Amino acid sequence: MSQQTVDPKQRKSNRRVVSALVLLFAAPVILAYIAHYMGWFNIATQNNGKLLESPYPHFEQFEWSSASGDPLHFRDFETLWWWVYIPQSDDCGNTCEMTIKWLTRTHVTLGKEAEKLKRLVVFPSEVNYQDKVEDADKIVLARGSAKNSETELERGKVYLMDPHGNIFMQYDSVSTQEEAKASSKGIRDDVRKAMKVTGL
């Protein structure tokens, strides 16, 4: 039985095809390992605020009313993103006032995305801040409890709420100009990223 000889050029070509196929199937695995160990996946999902546990608190779980006492309805809040600030008390002290101004000024720096967002401040039982409001058409002052039978929002914190009413991200309030400057980029980047990812 004679052994069939293979043309050296054909053998070389076959090796190239086999090498290409191996590389084709191995490349995604190699890239996945590199991305994992270099932390690329973490960067892509990194948030600056604290992501709340699912199921997220929802706007309609809370009985909030306007400064004049009219109930707030979700239909007036949907379609927009909201920074929701829950002050510690009706008396808006230094941290409260600094936080409201921080959100107002950070809002302006959103550029074209600024039209997609508004701010909601929910005092415990009485609203005494109307005379200090800046950029009044972009903020709603309200009052009401941060707690219901299903969930509770921590007073003194800022939250990000999506256009569906899900309150899903939490931020610390700020007490100084330095804290405000240091925190602006994080809260701004998070809402921009959320808008981009959801397309809302």
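Biologist: Is R105 buried, partly exposed or exposed?
Modeller: This is a predicted model, and the value is computed from it. The relative accessible area of R105 is 44%. Buried needs under 20%, and exposed needs over 50%. So R105 counts as partly exposed.

Biologist: Which side chain does R105 meet in a salt bridge?
Modeller: R105 sits in helix α3. Its partner lies in the loop between β4 and β5, 29 residues apart in the chain. That partner is partly exposed, with a relative accessible area of 32%. The N to O distance is 3.5 Å, and the partner is E134.

Biologist: Which residue forms a salt bridge with E113?
Modeller: E113 is buried, with a relative accessible area of 18%. It lies in the loop between α3 and β4, and its partner is in helix α4, so the pair ties together parts that are 79 residues apart in sequence. The partner counts as partly exposed at 29% relative accessibility. The closest N and O atoms are 3.5 Å apart, and the partner is R192.

Biologist: In the salt bridge of E115 with K138, which residue is buried?
Modeller: E115 is in the loop between α3 and β4, and K138 is in the loop between β4 and β5. E115 counts as exposed, at 58% relative accessibility. The other partner has a relative accessible area of 14%. Under 20% means buried, so the buried residue is K138.

Biologist: How many salt bridges does the structure hold?
Modeller: The bridges include R105 with E134 and E113 with R192. Salt bridges that share partners also join E97, K101 and K132 into one network. The total for the structure is seven.

Biologist: What is the handedness of the disulfide between C92 and C96?
Modeller: The S to S distance is 1.9 Å. Both C92 and C96 are buried. The torsion about the S-S bond is about -95 degrees, so the disulfide is left-handed.

Biologist: Which cysteine does I100 touch?
Modeller: I100 is among the residues that touch the most other members of the largest nonpolar core, which has 29 residues. Helix α3 (94-108) is one of the elements that give two or more residues to this core. Leaving out residues up to four places away in sequence, I100 touches Y85, V121, F123, Y129 and I139, and also a cysteine, C92.

Biologist: How many residues of β7 are buried?
Modeller: Two bridges join β7 to β1, running antiparallel, with M169 as the partner of L51. β7 also pairs with β6 in the antiparallel sense, over five bridges. β7 is largely enclosed by the rest of the structure, because the buried count is five of the six residues.

Biologist: Which residue in the turn between β6 and β7 has a positive phi?
Modeller: β6 and β7 form a hairpin with five residues between them. Across the paired strands, K157 stands opposite D172. In the turn, phi is about 90 degrees at G165.

Biologist: Which residue forms an aromatic pair with Y56?
Modeller: The ring centres are 6.1 Å apart, with 55 degrees between the planes, and the pair is tilted. Y56 is in the loop between β1 and β2, and its partner is in strand β7, 112 residues apart. Y56 is partly exposed at 29%, whereas the partner is buried at 12%. That partner is F168.

Conventions. Residues numbered from 1 in each chain as written. Predicted model: local features only at pLDDT ≥ 70, side-chain atom pairs only at ≥ 80, totals over all residues. Heavy atoms only, no water. Core = buried A, V, L, I, M, F, W, Y, C linked by side-chain atoms within 4.5 Å. Buried < 20%, exposed > 50% of the residue type's maximum accessible area, 1.4 Å probe, protein only. Helix = DSSP H or I, 4+ residues; strand = E, 2+ residues; numbered from the N terminus. Contact = heavy atoms within 4.5 Å. Pairing = 2+ DSSP bridges. Phe/Tyr/Trp six-rings, centres within 6.5 Å; stacked < 30°, edge-to-face > 60°. Disulfide = S-S within 2.5 Å. Salt bridge = Lys/Arg side-chain N within 4 Å of Asp/Glu carboxyl O.
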